[in-house]
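Good morning, everyone. I would like to walk you through one chain today, taking a few helix contacts in turn and then two single residues.

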Amino acid sequence: MYLYQLMTSTDDVYIIHGLDTNKYKECIFDIIALQGTSTSSYFQANGVLFQIMAMLFHDVDFQESQWGKTSVADEVKFFLDTNYAEKIKLRDVAKSFGVHPNYLTRIFHEKYGVSPKQYIMELKLKKARRLLTTTELSISVIANSLGFDDQLAFSKIFKKECEVSPTEYRKQSRIFSGSLHQ
């Protein structure tokens, strides 16, 4: 729950910009330096982990008053955000949250304006567009990393939604970004 609160409290959800990474690196090295598997080492490591969490909450200026109680829709969204590359079946998600699939779809749509299925697809396509413009990964690797059955299925859906093929999208984004740098 705390991780979800932290990661959704920033403008660019799940990405925290402008952190002094050195202070976090020092804490992580403190955990790595702990020797053994004793109870005291366990508590020391957890203490440092709590220190890291406290620093993160401070650094993002988390305001508890601005963060509402988590609903089932919020929990499902978090689940989808972190598992979008898996083969997700709505009935399995609904079952794991103890609700009926129709109810889950309704409350999710009421809160986010799209069905869970649409949300996953939009998320995958957003990630695909980012990977196409920021990496040299092949289309098949991108398709696999996003949980598509194969490159053809991915390309078909991408073209339907974005009106160009993934390859053409990559070319166009390079032409556009190249004209910005000139």
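Let me begin with helix H4 and helix H6, the latter covering residues 101-112, whose axes come within 9 Å of each other and cross at roughly 90°. Because an angle between 65 and 115 degrees counts as roughly perpendicular, H4 is described as roughly perpendicular to H6. Please keep in mind throughout that what you see is a predicted model. On the H4 side, the residues that meet H6 are Val 72, Ala 73, Asp 74, Val 76, Lys 77 and Leu 80, and from H6 the partners are Leu 104, Ile 107, Phe 108, Lys 111 and Tyr 112. If we sort the residues of this contact by class, we find 8 nonpolar and 3 charged, with no polar ones.

Just ahead of H6 in the chain there is Val 99, which sits in the loop between helix H5, residues 90-96, and H6. What does Val 99 touch, once its neighbours within four places in sequence are left aside? The contacts of Val 99 are then with Ala 94 and Leu 104, and Leu 104 is also one of the H6 residues that meet H4. Val 72, which we met in H4, is 27 residues away from Val 99 along the chain, and the C-alpha atoms of the two are separated by 9.0 Å.

H4, which spans residues 72-83, also packs against helix H7, residues 116-134, here at an angle of about 35° and with the axes 10 Å apart. The crossing of H4 past H7 is right-handed. In this contact H4 contributes Lys 77, Leu 80 and Asp 81, while H7 contributes Pro 116, Tyr 119, Ile 120 and Leu 123. By class, that gives 5 nonpolar and 2 charged residues, again with no polar ones. Lys 77 and Leu 80 appear in the contact with H7 and also in the contact with H6.

Turning now to the N-terminal part of the chain, helix H2, residues 21-33, and helix H3, residues 39-59, pack at an angle of about 170°, with their axes 9 Å apart. Since angles over 145 degrees count as roughly antiparallel, that makes H2 roughly antiparallel to H3. The crossing of H2 past H3 is left-handed. From H2 the contact draws on Lys 23, Tyr 24, Cys 27, Ile 28, Asp 30 and Ile 31, and from H3 on Ala 45, Val 48, Leu 49, Gln 51, Ile 52, Met 55, Leu 56 and Asp 59. These residues divide into 10 nonpolar, 1 polar and 3 charged.

My second single residue is Arg 174, which lies in helix H10, residues 166-180. Is Arg 174 buried or partly exposed? Arg 174 has a relative accessible area of 36%, so the residue counts as partly exposed. Not counting residues up to four places away in sequence, Arg 174 touches Leu 132, Thr 135 and Glu 136. Leu 132 lies 42 residues from Arg 174 along the chain, with 9.6 Å between their C-alpha atoms.

Finally, the chain as a whole: its secondary structure comes to 10 helices and 0 strands. Of the 182 residues, 30% count as buried, and the accessible surface comes to about 12,400 Å², with 55% of it belonging to carbon and sulfur atoms. Among contacts with a separation of 6 or more, 58% are between residues 24 or more positions apart.

Key:
Residues are numbered from 1 along each chain as its sequence is written. This is a predicted model: local features need pLDDT of at least 70, side-chain atom pairs count only at pLDDT 80 or more; totals for chains, interfaces and linings use all residues. Side-chain values use heavy atoms; hydrogens and water are left out. Axes are lines fitted to C-alpha atoms, for helices over the stretch in contact, and angles run from 0 to 180 degrees between N-to-C directions. Helices (H or I, at least four residues) and strands (E, at least two) are DSSP runs, numbered from the N terminus. Angles under 35 degrees count as roughly parallel, over 145 as roughly antiparallel, 65 to 115 as roughly perpendicular and the rest as oblique. A crossing is left-handed if the near helix is turned anticlockwise from the far one by less than a right angle, and right-handed if clockwise. Contact means heavy atoms within 4.5 Å. Ala, Val, Leu, Ile, Met, Phe, Trp, Tyr, Cys and Pro count as nonpolar, Asp, Glu, Lys and Arg as charged, and the others, Gly among them, as polar. Buried means under 20% relative accessible area, exposed over 50%, partly exposed in between (1.4 Å probe, protein chains only). Accessible areas come from the Shrake-Rupley method with a 1.4 Å probe; for residues, only the protein chains shown count as cover.
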